[in-house]
Amino acid sequence: MEMAWVWTGMVTLSLAFGLLTGNLDAVANAALEGARSAVELSLAMAGVLCLWSGVMEIMNACGLSAGLARLFRPLLRRLLPKASRDPETLAAVSANVSANLLGLGNAATPLGIRAARRMARGCGGIASDELCRLVVLNTASIQLIPATIASVRAAAGCETPFDILPAVWLASVLSVAAGLTAERLLSHGRRRV
Amino acid sequence: MSLSSLVIPVLLAGVAVYGLGKRVDVYAALTHGAEEGLSVLLRIVPALVGLLTAVSMFRASGAMEWLSGLFAPALDLLGIPPETAPLMLVRPVSGNGALAVASDLMAVHGPDSYVGRVAAVMLGSTETTFYTIAVYFGSAGITKTRHTVPAALAADLTGFAAAALAVRLFFGS
């Protein structure tokens, strides 16, 4: 339901500002442009999405993902106790976490989606606590080496683009901890599923 | 050569060689998995159309700039440089937009300035929250997201404040 509020708020505010500032032409164009760019973005990620879904399938077939799952199991069993009982979900989440740590965001998303789809089965469209937790984990960044940002800094003329690493790690840890804490606190205030 | 340009080929070759060693038909598995990726995509497109339409309107109308101005005093209080307000507003909805805003900040203030460093750390310690939520829940067929949005935003806000804190801690301001 929150997305409904966010969406309605953004569209209504845009209309109000368009009227006030006389930017209404630009707003109207932007609506159509945004919709078009969504399909473009989807097409742009289609190939990568299919590729990593395929790689995941290979990893499943040859037992690599089971090995990865064993590695992350002690941690994930605490974080997602119910989902970890299903071996295939555990494998997908483990691969998702590994890809996130390596900074392969494009690879992490299809893997995480795979886990989310399994976790959402038979829940009637309502997110469970653990599914919320998985998504919160993916909305927070846990990458070890932010290569893209370093390249932007280097492009701006920075000689030591990686000197921000300790600061990034500290901020990431605090942000993930805050997200997981908020998830836990808020889940008690709402209907448990 | 960046690190990620080493990781991807090594990963692809490594998985293929390992799979073949285990006598798995890696090519059949690859194409079968790719087919599944295509069905996931069909569910993502509607979610992205909704999100990007609203974001694009929001930016074009000038509402984004107005919100930035509104938040500036509160940011000062949290120790976050107010120059980074546009970055914090764009970050949860658009990865490319955030990258553009951050490189603009670095170009104006310098990559080794306080503002430039905070912008870089903010970018590195947060994700495109609303995009992630739309894609995950869209493909899983979830309509009731419950407390995901507030919890994810709590993580983002903490990440932004922590970015400013961490830069002051490691570099001074």
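Which helix of chain B is the place of B:L51? B:L51 sits in helix 2 of chain B, and it is a good residue to start with in this predicted model.

**View 1. B:L51 and its neighbours in chain B.** Let's zoom in on one leucine in helix 2 of chain B. B:L51 has 25 C-beta neighbours inside 10 Å, so it counts as buried; the cut-off for that class is 20 or more. Leaving aside residues up to four places away in sequence, B:L51 touches B:V93, B:F130, B:Y131 and B:A134. Another pair to look for is B:L51 and B:S94: they are 43 residues apart along the chain, and their C-alpha atoms are separated by 9.7 Å.

**View 2. Helix 2 and helix 7 of chain B pack against each other.** Helix 2 covers residues 26–60 of chain B, and helix 7 of chain B covers residues 129–140. Two packed helices are described by the angle between their axes and the distance between the axes. Here the angle is about 140° and the axes are 8 Å apart, which makes helix 2 of chain B oblique to helix 7 of chain B. The crossing is right-handed. On the helix 2 side you will find B:V40, B:R43, B:I44, B:P46, B:A47, B:L48 and B:L51. They meet B:F130, B:Y131, B:A134, B:V135, B:G138 and B:S139 in helix 7 of chain B. By class, this contact has 10 nonpolar, two polar and one charged residues.

**View 3. Helix 7 of chain B also meets helix 6 of chain A.** Now follow helix 7 of chain B across to the other chain. Helix 6 of chain A spans residues 129–139, and its axis comes within 9 Å of the axis of helix 7 of chain B. The two axes cross at roughly 145°, again in a right-handed crossing. From chain A, the residues taking part are A:V135, A:N138 and A:T139. Their partners in helix 7 of chain B are B:T129, B:T132, B:I133, B:Y136 and B:F137. The residues of this contact divide into four nonpolar, four polar and no charged.

**View 4. Helix 6 of chain A is largely enclosed by the rest of the structure.** What makes helix 6 of chain A count as largely enclosed? Of its 11 residues, 10 are buried, so the rest of the structure largely encloses this helix. Among the buried residues are A:E130, A:R133 and A:N138, along with A:L131, A:L134 and A:L137. A:V135 and A:T139, both seen in the contact with helix 7 of chain B, are buried as well.

**View 5. The side of chain A that touches chain B.** Stepping back a little, the contact takes 87 residues from chain A and 84 residues from chain B. Helices 1, 2, 5, 6, 7 and 8 of chain A each supply at least two residues of the side that touches chain B. Helix 2 of chain A gives the most, with 24 residues. By class, the residues on this side divide into 57 nonpolar, 23 polar and seven charged.

**View 6. Chain B as a setting for the close-ups.** Chain B has eight helices and zero strands. Its C-alpha trace spans about 60 × 40 × 30 Å along the principal axes. The radius of gyration of chain B is 20 Å, while a compact globule of 173 residues would have one near 16 Å. Buried residues make up 53% of the chain. Among contacts in chain B between residues at least 6 apart in sequence, 62% join residues at least 24 apart.

Technical notes:
Residues numbered from 1 in each chain as written. Chains lettered and ligands numbered in written order. Predicted model: local features only at pLDDT ≥ 70, side-chain atom pairs only at ≥ 80, totals over all residues. Axes fitted to C-alpha atoms, helices over the stretch in contact; angles between N-to-C directions. Helix = DSSP H or I, 4+ residues; strand = E, 2+ residues; numbered from the N terminus. Left-handed = near helix turned anticlockwise from the far one by under 90°. Contact = placed C-beta atoms within 7 Å. Nonpolar A, V, L, I, M, F, W, Y, C, P; charged D, E, K, R; others polar. Buried ≥ 20, exposed ≤ 12 C-beta atoms within 10 Å, placed from the backbone. Rg over C-alpha atoms; globule rule 2.2 N^0.38 Å. Parallel < 35°, antiparallel > 145°, perpendicular 65-115°, else oblique.
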